[in-house]
Amino acid sequence: MKTEPETFGWQDLVTRPQRRESWEGVRNYQARNFMRDDFMEDQQVFIYHSSTAEPAIVGIARVVKAAHPDPTALIPDSPYFDPKSAKAGASRWVMVDVEALATFEPAITLKRLREEPLLAGMALLQRGQRLSIQPIQKDEWETICHMARLIPVL
DNA sequence: GCCAACGTTGGC
DNA sequence: GCCAACGTTGGC
């Protein structure tokens with residue numbers, strides 16, 4: 001799951017009550033469908049910082065609540081307001097709730113990801129890939145988990 | 001700030 | 001339903 005740390009970063013998640021937050025604001029159908037169809041409770045996800053000086057995978061979170069309607073689509077003042085949802089009277093977007101589990105120390109930079117041959121096929125690294133929610137293969141997950149120390153968040 | 005690569009919109 | 005114009009993403 002990508003996020004811009006200036007808006008909502010790993011440290012923000014870690015310092016939330018119970019280290020949990022609703023992942024609101026995803027406004028792309030394909031990304032939404034990944035959350036809706038593929039995100040099971042207890043599943044683990046990588047959190048990635050984008051649009052920052054050192055883009056990197058920064059930690060692992062766990063899905064604590066599967067996809068449910070994202071109400072920010074109905075709030076006119078929200079940056080995630082969606083007129084079509086408002087007109088229909090129901091949000092067409094979903095969010096999942098996640099809980100911070102462990103921090104990569106050091107964070108695994110995009111540069112290092114690109115340098116790892118085993119990750120050549122990883123979705124994130126493909127040309128033109130911009131989705132804020134992306135699938136990852138089990139072997140890619142394992143490879144990445146071994147690229148840095150994992151410090152449990154507590 | 002540039003710009004490639006998409007995704008979305010809306011006139012027809 | 002096509003597709004040009006426009007908007008967004010995100011690394012660099």
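**DNA contacts, cores and strand pairing**

User: How many residues of each class does the surface near DNA strand C have?
Analyst: A residue is near a strand if one of its heavy atoms lies within 4 Å of it. Ala, Val, Leu, Ile, Met, Phe, Trp, Tyr, Cys and Pro count as nonpolar, Asp, Glu, Lys and Arg as charged, and the others, Gly among them, as polar. By class, this surface has 3 nonpolar, 2 polar and 3 charged residues.

User: Which conventions apply to numbering, lettering and side-chain values, and what kind of model is this?
Analyst: Residues are numbered from 1 along each chain as its sequence is written, while chains are lettered from A and ligands numbered from 1 in the order in which they are written. Side-chain values use heavy atoms, with hydrogens and water left out; local features need pLDDT of at least 70, side-chain atom pairs count only at pLDDT 80 or more, and totals for chains, interfaces and linings use all residues, as this is a predicted model.

User: Which residues are around DNA strand C, and what percentage of its atoms within 4 Å of the protein belong to sugar or phosphate?
Analyst: The residues are Lys2, Tyr48, Ser50, Ser51, Pro55, Leu110, Arg114 and Arg130. Bases account for the rest of the strand C atoms within 4 Å of the protein; the sugar or phosphate part is 82%.

User: How far is a phosphate oxygen of DNA strand C from a polar backbone atom of Arg130?
Analyst: A polar contact is a pair of N or O atoms within 3.5 Å; within protein, one must be able to donate a hydrogen and the other to accept it, and residues adjacent in sequence count only if both atoms are side-chain atoms. The side chain of Lys2 has an N or O atom 2.8 Å from a phosphate oxygen of strand C. Tyr48 places a polar side-chain atom 2.8 Å from a phosphate oxygen of strand C. For the Arg130 backbone atom, the distance is 2.7 Å.

User: What does the side chain of Arg130 approach on DNA strand B?
Analyst: Around strand B are Asn28, Tyr29, Lys84, Arg127, Gly128 and Arg130. Sugar or phosphate makes up 74% of the strand B atoms within 4 Å of the protein, and bases the rest. At 2.9 Å from an N or O atom in the Arg130 side chain is a base oxygen.

User: In the largest nonpolar core, which residues touch the most other members?
Analyst: A nonpolar core is a set of buried Ala, Val, Leu, Ile, Met, Phe, Trp, Tyr and Cys residues joined through side-chain atoms within 4.5 Å. Buried means under 20% relative accessible area, exposed over 50%, partly exposed in between (1.4 Å probe, protein chains only). This core has 24 residues, and those touching the most others are Met1, Trp10, Trp23 and Ile133.

User: Which elements each supply at least two residues of this core?
Analyst: Helices (H or I, at least four residues) and strands (E, at least two) are DSSP runs, numbered from the N terminus. The elements are α2 (10-14), α3 (29-38), β3 (44-49), β4 (56-69) and β5 (94-109).

User: Which residues does Ile133 contact, leaving aside neighbours within four places in sequence?
Analyst: Contact means heavy atoms within 4.5 Å. The partners of Ile133 are Met1, Trp23, Val26, Ala31, Phe34, Met35 and Phe39.

User: How many residues are in the other core?
Analyst: That core lies apart from the one with Ile133. Its members include Phe46, Tyr48, Leu113 and Leu124, and the count is 17.

User: How many bridges join β4 to β5?
Analyst: Two strands pair if DSSP finds at least two bridges between them. β4 also pairs with β3, antiparallel over 6 bridges, and Tyr48 has Ile57 as its partner there. Toward β5, Ala56 stands opposite Thr109 and Gly59 opposite Thr103. These two strands run antiparallel, and the bridges number 10.

User: Which residue in β6 stands opposite Glu105?
Analyst: β5 pairs antiparallel with β6 (residues 149-152) over 4 bridges. Opposite Glu105 is Arg149.

User: Is Ser85 buried or exposed?
Analyst: Ser85 sits in helix α4 (residues 83-88). Beyond four places in sequence, Ser85 touches Ala73, Leu74, Ala90, Ser91, Arg92 and Trp93. Its relative accessibility is 1%, so Ser85 counts as buried.

User: What is the relative accessible area of Ala90?
Analyst: Ala90 lies in the loop between α4 and β5. Ala90 is partly exposed, with a value of 43%.
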